[in-house]
Amino acid sequence: MNLVHLLFIFYSFINHKGETLNLKTLARRSTIVGTIAGLLLADILIFTAQAAPRTVVLTQPTPLTGLNSSVTEMNLATNSEVMYPTGFGFYYANDAKKLVPNTKFGTWKSKKDSTGFRVSYTVKPNQTWNDGTPIDAVDLLLSHVVSSEKWSIDAGLGDPSAGVTAFDSLGYGGTYTKRIKSTVLSDNNMTLTLVYDKAFADWDQYAPGPFPVHALSLLADGKTTLGTDAASKAAKAKFLDDYLTKDTARFKAMGKIWSTSYNITTVNASTNPLLLVSNGGFKLQSCIDQISCTLVIDPVTNGMSGPETTEIDKIVYRFDIADTSAPQALANKEIDLYGGQVTADGLTQLKAIKNITLDAGPQTTYEQLALRTAGPNDVGDYKGPFAGETKRARELRRAFLLAVPREDMIQKIILPTDVSAVVLNSRVVMPSDGAAYKSYILNNGVKQYFGASYTARMAEATSLMNKLVPNWKSKPVVVNLLHRNNARRTAQCQLYAASWAKVGFTVACGGRADWSSQTSNLEYDAGLFAWGAGLPVQVGDCGQTESESPNSTWGWINPAIDKNCSVLKGDPLREASRNRYWQAIEKEQSKNAYTIPLFQWPGVTAIATTLKGVKPSPITPNLVWNYWEWSN
Amino acid sequence: MLAFIGRRIGTLFVILFGSSFILYNLTAISGDPREQYKFATDEKSQSALRALVRQLDLETPPPLRYFKWLEGVLGVFYGKLNFGVTRDNEDVISRLSAAIPTTLKLVTAATLTAIFLGIALGMVTAIRQYSRFDYVVTFFSFLMFSLPIFWVAVLLKQFLAIEFNDFLEVGYIDIGWRILIAAFTAVFWAGVIGGSKNRIAKVALSAFILTFGILTAIVALKWFYDPGLGPIVVFILSVGIAFAVTAISMGLDNRPALKSSLSIALITLILYYPLQYVFDKYSSWLLILALAVLTISTATLISVLFAKIDRGAVIRTSVITSIGCGLVVILDRLLSTWSEYLTLDGVNGRPIPTIGQMNPLLTTDDFWLVQLDTVVHLILPTVALTLISFAGYIRFTRGTMLEVLNQDYIRTARAKGLSERVVVVRHAFRNTMIPITTIIVVDISGVIGGAIITERVFGWSGMGTLFNKAISGYDLNLLMGVFAVTATLAVLANLVADLLYAALDPRIRVGNRL
């Protein structure tokens with residue numbers, strides 16, 4: 001349309017009612033027309049430049065339920081992922097499952113002495129929240145308030161172990177509350193020292209997160225607009241005062257705000273701005289209930305307390321997009337980034353889309369097969385084929401595990417969805433961890449006990465069975481296998497059952513939807529299930545493998561494992577010795593044929609080709625952890 | 001009559017009580033909301049587990065918990081309705097009140113289209129039983145009926161959204177595609193039109209040429225980038241509507257009806273530009289409502305002026321015409337917003353989305369842009385739902401209509417020399433509508449329950465999504481909330497259907513039943 005208009009204007013200028021044009025007039029008119037055309041062209045160009053997407057649209061499987069994911073009921077991955085770009089603290093977790101110190105925000109150092117174990121967290125000067133209020137160590141104090149049970153009781157806020165507190169916090173009840181003795185604030189208010197009774201494993205994961213306490217204080221006063229600089233300063237001073245005097249009434253008021261006022265799913269211009277005070281590269285601009293949240297670059301705090309974002313302006317989360325809808329939404333350029341589990345069909349569909357790159361690879365969730373040796377925690381007396389710690393039971397279990405066609409499984413079921421899949425030989429370190437995995441599996445025993453070729457393993461299993469159950473051909477051992485009743489598990493179980501049948505086990509595949517509540521059901525002799533790994537912790541999976549642990553559902557009783565676990569649960573160890581203990585545990589598990597790791601779950605991340613810098617991480621926040629490196 | 005309604009409402013409460021009690025307890029037995037924490041040993045999960053038990057009152061046995069729930073629900077009678085909280089600690093009522101409008105938005109257009117198309121096609125296929133048209137429609141409707149919606153959705157997303165948007169980026173339809181589309185249209189019309197081979201050939205050929213011509217013209221004129229009907233096309237369409245409505249409802253030889261309908265078309269033309277001004281200046285739903293009232297009253301006034309006898313029927317005719325003309329004007333206004341919508345930052349030249357109920361990247365709050373955004377998000381789900389659901393209406397209407405047409409009173413009507421239009425519209429159609437009405441009422445009540453799969457595949461979060469979420473998360477309160485709404489509506493709809501049946505069919509008296 002524009003072009004037609006333009007031609008029309010041009011025509012009317014040149015051919016002006018039969019008037020003969022002299023050169024001068026023509027030149028003048030051409031100039032005018034040229035200018036207009038130039039302006040229009042510029043308009044188009046500028047417009048195009050504006051439309052160039054510096055926006056990234058990604059999906060979350062569930063909608064936002066609240067802005068404060070430290071509140072017990074609000075502890076959803078979505079909530080923490082959406083809010084992640086709005087905050088910086090002492091560290092962030094990267095895609096190698098390591099904590100990366102964020103020195104732009106602050107630093108910490110630890111000291112052990114006769115009075116205990118002290119960790120000093122120092123906030124870097126000259127940082128502000130996005131309302132202009134300076135950030136200092138007073139902003140770290142709320143973390144103690146919502147994690148220390150003793151403080152809660154002392155301040156008259158209620159006993160968290162009894163379930164009633166002013167702050168409905170997820171932080172109570174853990175190691176922090178058991179170990180913390182006191183907090184010391186430096187004179188310049190820039191350093192907070194946490195005093196623990198002794199050093200403990202993974203203490204560095206307990207850094208206090210900053211929280212805009214002045215905003216909380218103003219909210220508790222019933223304010224609905226941002227305070228002036230002086231008012232914010234006064235509010236912060238008041239908070240510190242309340243903290244030092246343990247003012248019950250004030251903290252009850254603040255607790256109510258902290259636990260309920262942030263639980264909003266709609267954010268717009270009428271939202272109380274005090275709820276949105278933040279210090280991240282982005283700030284929350286708007287949220288539409290059940291549909292989306294939009295974050296925009298925060299001109300005040302971007303690059304101040306953490307890495308600076310330079311290439312994108314906007315992050316939009318869309319909620320509730322089904323895995324099956326995502327490929328076409330990607331193809332239609334409605335979303336730029338999608339991560340999830342994938343089926344072979346889904347992967348084929350994704351591969352057919354032109355404008356995306358695929359990062360198909362394993363997730364940290366891994367599959368394992370576990371055998372029952374006893375009834376867990378006094379559930380009852382288990383009398384199945386694998387019961388007990390005798391040599392005979394161990395060898396029977398071994399024959400069973402030897403006959404698992406681990407290679408065939410990868411070949412037939414996993415490779416179509418993950419071209420890099422390999423047989424998993426550890427439950428602690430994953431093949432995707434690279435060199436660490438290679439050195440780790442040299443000593444963890446899985447390869448030692450189950451590393452032979454399938455033919456060799458079957459031969460060994462057959463000879464074991466000939467010895468243990470001479471009449472296995474006519475009277476095979478019956479095993480009930482528990483697994484979730486989804487397509488992959490069913491296919492998996494059938495594949496295994498065929499192999500087991502060759503060495504004298506008749507396996508009934510017990511696929512059921514409520515499998516997880518059936519793991520202590522003594523009817524089942526074995527189980528196929530998956531574990532997801534988070535940020536590595538020293539205690540590892542002792543919670544599931546120790547004899548007396550409430551979560552040891554398969555009933556393994558093994559003093560050697562318990563001994564290693566008691567060390568791991570004690571003082572902090574260096575990585576090398578941690579590895580040694582973990583390897584020792586895995587070795588025991590393999591030697592006694594309790595369990596065997598099978599494979600890592602296949603996952604996929606689809607990224608629009610224009611979007612660069614995305615490095616999917618196996619732990620929350622999976623995709624968005626390095627948003628400052630993105631460009632689109 | 002009143003006694004009947006009273007009795008029925010009494011039964012309704014008994015049914016709702018019984019079914020909710022059974023459902024509550026069965027659901028509570030079937031799964032444990034605590035399941036996801038079963039293996040978790042970390043401190044956070046333990047804390048979350050404690051909170052979940054506290055918040056959902058899981059330590060009370062389900063049968064007792066049901067009565068606590070019932071107490072909250074019975075609060076509806078004294079203004080303190082309480083459906084409890086979901087497992088994410090959100091108020092179930094707030095979730096329901098957010099989901100119901102979304103669902104209504106999603107299914108209303110589709111349901112109305114399906115009913116309208118289904119009844120119209122059903123009538124025509126019955127009147128022309130065993131014709132080629134009958135076979136073609138039956139074939140297509142059964143084909144669509146048998147397709148699963150998730151598959152239809154994938155196809156629609158591919159062709160109506162992705163490929164269409166790609167086409168807009170290029171702005172050119174391949175000549176091969178144009179020929180293919182034209183050929184398909186030709187085959188369709190050849191199937192629909194009866195008559196001699198010569199006539200069929202002519203129809204097919206003209207359909208082919210016309211389609212090909214229109215497609216070429218659209219490509220050449222870049223109509224897709226700046227569509228719009230303009231006053232002339234709006235007028236032509238209005239005249240068309242006036243003739244069609246009059247022809248069906250009164251017959252073209254009824255001069256007053258034709259005159260008043262045509263006047264409405266004329267008024268539409270005269271008011272075209274003033275309306276554009278009003279639309280630009282003061283757009284809101286209130287304005288649309290006011291205009292609708294104004295339109296209908298004008299239509300009534302005009303008919304009163306033109307008609308001396310049979311006023312009611314003439315008024316009805318012109319009101320229907322005026323609504324049709326109004327819709328055309330609104331369509332024109334929406335189409336003229338298109339070019340602006342296309343260039344919006346969040347749309348970027350790809351207007352048809354595959355997911356969602358609105359574009360979250362949109363920053364404008366211009367009335368027409370927002371409405372157009374809703375419309376483009378409705379296109380795919382509406383087409384999908386209509387395609388798969390109108391077959392039922394076609395078949396039911398056809399069957400009922402055939403039965404009615406074989407009745408003695410139809411033969412009598414024909415025998416006494418009534419025109420075929422009068423026989424069909426006044427005698428056959430009305431009697432056909434009696435059973436259909438009752439079906440429609442029940443269907444509409446079911447609509448609130450949400451289209452679970454449709455909502456899922458198109459990324460809408462209405463009642464279907466809530467239901468799905470409630471089941472997969474063992475979220476008992478949420479499930480019961482959805483159930484309470486749908487079950488109440490279902491029972492009420494059955495009551496309304498019975499009453500309507502009695503009202504429409506004088507042979508039936510409700511008081512004598514039950």
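Before I show you any residue, let me fix one term: a residue is called buried when its relative accessible area is under 20%, exposed when that value is over 50%, and partly exposed in between. Please also keep in mind that what we are looking at is a predicted model.

With that cut-off in hand, let me start where two chains meet. D320(A) has a relative accessibility of 7%, and because buried means under 20%, D320(A) counts as buried. Its salt-bridge partner is R456(B), with the closest N and O atoms 4.0 Å apart. D320(A) sits in the loop between β10 (314–319) and α10 (326–331) of chain A, while R456(B) belongs to helix α16 (residues 452–458) of chain B, so this pair joins two chains. R456(B), at 31% relative accessibility, counts as partly exposed.

Let me now turn to a salt bridge within chain B, where the side chains of D134(B) and R398(B) meet at 2.6 Å, N to O. D134(B) is part of helix α5 (residues 132–146) and R398(B) is part of helix α13 (residues 367–405), so the pair ties together parts of chain B that are 264 residues apart in sequence. Both of these residues are buried.

In chain A, there is a network of salt bridges with shared partners, which joins D221(A), K238(A), D242(A) and R250(A). Within that group, R250(A) and D242(A) meet in a salt bridge of 2.8 Å, N to O; R250(A) is buried at a relative accessible area of 11%, and D242(A) is buried too, at 4%. Over all chains, the count comes to 38 salt bridges.

What does F251(A) touch, if we leave aside its neighbours within four places in sequence? Its contacts include D242(A), which we have just met, together with W151(A), F167(A), F239(A) and Y243(A).

F251(A) also brings us to the largest nonpolar core, which has 81 residues and in which F251(A) is among those with the most contacts, alongside L142(A), F167(A), L284(A), Y627(A) and W630(A). The largest share of this core, 5 residues, comes from helix α7 (residues 213–220) of chain A. A second, separate core of 49 residues includes L335(B), L342(B), W368(B) and L369(B).

Finally, let us move to the surface of chain B, where a nonpolar patch of about 690 Å² is made by I9(B), F13(B), L74(B), V76(B), F77(B), Y78(B) and L81(B). One of these, F77(B), is found in the loop between α3 (62–74) and α4 (92–127), and at 59% relative accessibility F77(B) counts as exposed.

Terms used. Residues are numbered from 1 along each chain as its sequence is written. Chains are lettered from A and ligands numbered from 1 in the order in which they are written. This is a predicted model: local features need pLDDT of at least 70, side-chain atom pairs count only at pLDDT 80 or more; totals for chains, interfaces and linings use all residues. Side-chain values use heavy atoms; hydrogens and water are left out. A nonpolar core is a set of buried Ala, Val, Leu, Ile, Met, Phe, Trp, Tyr and Cys residues joined through side-chain atoms within 4.5 Å. Buried means under 20% relative accessible area, exposed over 50%, partly exposed in between (1.4 Å probe, protein chains only). Helices (H or I, at least four residues) and strands (E, at least two) are DSSP runs, numbered from the N terminus. Contact means heavy atoms within 4.5 Å. Patches are made of residues with over 30% relative accessible area and no salt bridge: like charges are joined within 9 Å, nonpolar side chains (Val, Leu, Ile, Met, Phe, Trp, Tyr) within 5 Å. Accessible areas come from the Shrake-Rupley method with a 1.4 Å probe; for residues, only the protein chains shown count as cover.
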